[in-house]
Structure formats: structure tokens, C-alpha cells
Amino acid sequence: MPLAVELDRSSPVPLYYQLAQAIEAAIRSGELAPGDRFENELSLAGRLALSRPTTRRAIQELVDKGLLVRKRGVGTQVVQNPVHRRVELTSLFDDLAKSGQDPTTQLLEYRRGVADDEIAAELNLSTDHEIVTVQRLRYANGEPLAIMTNHLPAEIAPDAGELEASGLYQALRGRGVHIRLARQRIGARPAQRTEARLLEEKVGAPLLTMSRTAFDDSGRAVEFGSHCYRASRYYFETTLVDR
């Protein structure tokens with residue numbers, strides 16, 4: 001069934017933007033589901049009495065946002081909604097599970113060693129203190145979403161099997177370690193070759209980055225993480241308050 005769209009031709013808001021907003025609302029509400037074929041440009045333009053360049057620009061806006069994808073021989077399809085995550089002290093695994101995104105994990109590395117200068121400083125450890133370094137590829141609904149590298153004091157580190165079955169913070173809670181405070185930095189950079197391959201992106205595609213040092217009830221640093229996320233599938237949200 002064609003998507004019902006109402007356009008206000010007397011509005012100063014450009015028609016392509018009104019159309020893009022209507023399609024985006026239908027995707028986010030579930031009216032258009034992941035995998036659905038989207039109406040072709042020519043049909044949509046004719047039905048809404050729009051020019052093809054206007055229709056094409058609206059669709060390109062949503063392709064650029066990662067909500068639609070053009071596939072040769074298939075047409076335009078709806079893709080998974082980007083993962084929306086508030087900037088709060090939670091784990092990605094827990095956030096995905098709560099939002100019904102079906103998180104799964106591939107363990108890429110699990111290694112014991114001594115902390116280098118940077119990690120020792122972040123965790124307030126001596127440079128000869130044994131740590132565990134873990135790298136994981138996190139999926140949401142079967143799609144790669146993030147590469148996560150975490151460093152923990154060896155004495156509290158969960159084992160490899162736990163980290164494939166659950167989130168890091170959940171595994172730490174099972175060991176009596178409760179995260180109460182974290183220092184976090186958010187940035188962006190282009191994907192390197194290995195990251196692009198793991199995340200199914202092109203080399204140089206934009207990635208969101210986040211580094212976090214987390215502290216327990218006693219103020220002890222218990223985890224230092226460095227994560228990168230597909231910018232086409234993930235965004236952070238913050239609430240700003242006037243003071």
C-alpha cells in the first residue's frame with residue numbers, strides 16, 4: 001500500500017524536506033519496516049505531483065541518514081532504524097536488549113598482559129599490574145554495530161565465555177563490581193581498513209568514537225574502554241538544560 005503523505009505547498013518548508021520527514025516518520029514508527037521495498041521515484045513523483053529532482057532529493061536525504069538503501073536490481077529498501085542511545089551510564093548490551101534490538105557478540109581478542117603507560121594511568125595502576133584486554137564486535141539484530149576494546153584489572157575481569165553471552169557491565173555486576181561513575185569522551189574519525197571490514201562499511205566511512213573510564217562504588221577505576229560505532233547506524237542523544 002502506497003505511503004500516505006500530506007504536503008503543505010503554501011509552507012516555506014521545501015517540499016523535498018517535507019517528503020523526507022514524512023518518510024522518516026513512517027520508518028521510525030514501524031509503518032515502513034526494515035526490508036520493505038520503497039516506492040520508486042517515478043511513481044512517487046507522479047502520485048504526489050512532484051518533480052523527479054524533488055523526489056530524488058528527499059530519498060537521497062534518507063539514504064544519507066542510513067534509513068534507506070539503494071540496491072541494484074532490487075530498488076530502494078528500508079534498512080534497520082539507527083540505534084538511538086542516550087548519554088547515560090549504561091552498557092551498550094543492556095541498552096540494545098531493553099530496546100528489543102537482539103544484541104549478539106563476537107569475541108575478537110581476549111588477552112592477559114601488563115598495562116602500558118596510557119592504560120595504567122587511566123586505571124590508576126602500576127605499569128607491572130596484570131590486566132585483561134578484550135576486543136568484541138557487537139551486533140544488533142544480526143548487523144555489525146560497534147567494535148569495543150576494554151581493559152580491566154585481571155583480578156576482576158570476566159572470562160571469555162561470559163563476554164560472548166552477556167554485556168561487560170552485567171558480567172561485572174555478577175562479580176560484585178558495580179559501576180557508579182564514568183568519565184567519557186565522544187568523537188569521530190574515518191574507518192580504517194580492518195574496522196571497515198568488520199563493520200561492513202567502506203574504508204574512510206565516518207565512525208563515532210567513545211572512550212570511557214568507569215569507577216566502582218569505592219571510586220576505584222575498574223574499566224577503560226575505547227569503542228567505535230557505525231555513524232550510519234548509531235547516534236548519541238543528550239538533554240540540554242538552561243541554567
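Helices α1 and α3 cross with a right-handed sense. This is a predicted model. Start with that helix pair, then move to the largest pocket.

Helix α1 covers residues 15–29, and helix α3 covers residues 52–64. Their axes come within 8 Å. The crossing angle is roughly 45°. That angle makes α1 oblique to α3, because angles from 65 to 115 degrees count as roughly perpendicular and those under 35 as roughly parallel.

Now look at the side of each helix that meets the other. From α1, the contact takes L15, Y16, L19, A20, I23 and E24. From α3, it takes T54, T55, R57, A58, E61 and L62. Sort these contact residues by class and you get 7 nonpolar, 2 polar and 3 charged.

Next, turn to the largest pocket. It holds about 590 Å³ of space. Its lining counts 21 residues. To find the centre, go to V69, E200, E201, R230 and S232, the lining residues closest to it.

Which strands each supply at least two residues of this lining? They are β2, at 68–71, and β3, at 75–78. Strand β2 gives the largest share, with 4 residues.

The lining of the largest pocket is mixed in class. It has 8 nonpolar residues, 8 charged residues and 5 polar ones. For the contact of α1 with α3, recall the division: 7 nonpolar, 2 polar and 3 charged.

Key:
Residues numbered from 1 in each chain as written. Predicted model: local features only at pLDDT ≥ 70, side-chain atom pairs only at ≥ 80, totals over all residues. Heavy atoms only, no water. Axes fitted to C-alpha atoms, helices over the stretch in contact; angles between N-to-C directions. Parallel < 35°, antiparallel > 145°, perpendicular 65-115°, else oblique. Left-handed = near helix turned anticlockwise from the far one by under 90°. Contact = heavy atoms within 4.5 Å. Nonpolar A, V, L, I, M, F, W, Y, C, P; charged D, E, K, R; others polar. 1 Å grid on protein atoms, 1.4 Å probe; cavity = no way out; pocket = protein on both sides within 12 Å on 5 of 7 lines; lining within 4 Å. Points joined across faces, edges and corners; volume = space filled by probe spheres on them.
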